[in-house]
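Biologist: Could you take me through one part of this model in detail? I would like to look at the surroundings of the ligand, and then at a few residues elsewhere in the chain.

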Amino acid sequence: MKKHWYHYLWLWSLFYFGMGFFNILFAWLGLISFALPLIMAIGYGNKLFCNRYCDRGQTLRALGQLGLSRRRDMPGWMKSKAFRYGFMVFFFAMFGSVVYTTWLVYSGIESLQQMVSLLWTFHFPWEWAYSGAVSPWAAQFAFGLYSLMLTSEVIALGTMLLFRPRSWCVYCPMGTLTQLICQHKMRQG
Ligand code: SF4
């Protein structure tokens with residue numbers, strides 16, 4: 001298969017998680033992964049972001065090509081609408097809780113938590129990644145967003161290992177949301 005520049009977008013994932021490890025403020029760049037698919041779906045009614053420009057999609061594809069995936073079919077329930085929509089609602093509720101925690105720190109009700117949460121369960125101290133250069137609320141949002149991005153990356157990698165390389169994309173919240181937007185736009189004609 002001919003290689004295109006976007007096949008190397010997995011480098012962006014490496015850059016993002018690598019830089020966020022040392023300086024949490026890089027986590028803000030994760031908003032690009034929220035904005036771009038929405039802009040393409042709302043503006044053009046297509047899934048071009050998923051098909052080409054998603055760094056995570058390209059990472060999963062590249063790791064699959066390295067033979068790291070068992071290439072098994074996913075269980076039916078993971079493809080069901082109930083699971084996909086339920087996971088989307090849960091994921092965006094978790095994003096909402098990141099925003100809410102940021103607001104609590106901004107208002108002075110809570111103090112900055114310099115930690116990264118994995119799978120909404122395990123909390124890791126991450127103090128080295130924040131030098132105090134920006135307001136605590138900006139750092140709080142970065143810690144929260146990095147936690148969310150890292151958690152979804154771990155789930156995506158686990159799904160890649162167990163099933164087919166891009167199985168995560170079946171129930172990815174951004175993928176489900178942009179699919180709903182594209183379907184809505186198609187119905188509108
Ligand atoms: S479904 Fe999600 S992870 Fe997969 S390509 Fe689309 S946005 Fe990226």
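Modeller: What follows starts at the ligand and then takes three residues in turn. Keep in mind that this is a predicted model.

Start with the ligand. The space it takes is the largest pocket. Eight names make up the surroundings: Phe-49, Cys-50, Cys-54, Arg-166, Trp-168, Cys-169, Cys-172 and Gly-175. Two helices each supply at least two residues of this shell: helix 3, which runs 48-53, and helix 8, which runs 168-171. Sorted by class, the shell has 6 nonpolar residues, 1 polar and 1 charged. The charged one is Arg-166. The polar one is Gly-175, because Gly is counted in the polar class.

Next, Gln-58. Its place is in helix 4, residues 55-65. Its relative accessible area is 2%, under the 20% cut-off, so Gln-58 is buried. The side chain of Gln-58 reaches back to the backbone oxygen of Arg-52, at 2.8 Å. Arg-52 also appears among the contacts of Gln-58 beyond four places in sequence. The others there are Asn-51, Tyr-6, His-7, Leu-9 and Trp-10. Asn-51 and Arg-52 fall within the 48-53 range of helix 3, a helix that also supplies residues to the ligand shell.

Now helix 7, residues 136-162. Two of its residues are worth a look: Thr-151 and Glu-153.

Thr-151 has 1% relative accessibility, so Thr-151 counts as buried. A polar atom of its side chain lies 2.9 Å from the backbone nitrogen of Leu-119. Leaving aside neighbours within four places in sequence, Thr-151 is in contact with Leu-119 and also with Ser-117, Leu-118 and Trp-120.

Glu-153 is buried too, because its relative accessibility is 9% and the limit for buried is under 20%. Which residues does Glu-153 touch, leaving aside its neighbours within four places in sequence? They are Ser-13, Phe-17, Arg-56 and Thr-59. Take Phe-17. Along the chain, Glu-153 and Phe-17 are 136 residues apart. In space, their C-alpha atoms are separated by 9.7 Å. Arg-56 and Thr-59, two more contacts of Glu-153, fall within the 55-65 range of helix 4. Gln-58 has its place in that helix.

To recap the three residues: Gln-58 is buried at 2%, Thr-151 at 1% and Glu-153 at 9%. The side chain of Gln-58 goes to a backbone oxygen, that of Arg-52. The side chain of Thr-151 has a backbone nitrogen as its partner, that of Leu-119.

Technical notes
Residues numbered from 1 in each chain as written. Predicted model: local features only at pLDDT ≥ 70, side-chain atom pairs only at ≥ 80, totals over all residues. Heavy atoms only, no water. Near = heavy atom within 4 Å. 1 Å grid on protein atoms, 1.4 Å probe; cavity = no way out; pocket = protein on both sides within 12 Å on 5 of 7 lines; lining within 4 Å. Sits in = over half its atoms within 2 Å of the grid points. Helix = DSSP H or I, 4+ residues; strand = E, 2+ residues; numbered from the N terminus. Buried < 20%, exposed > 50% of the residue type's maximum accessible area, 1.4 Å probe, protein only. Polar contact = N/O pair within 3.5 Å; in protein donor to acceptor, adjacent residues only side chain to side chain. Contact = heavy atoms within 4.5 Å.
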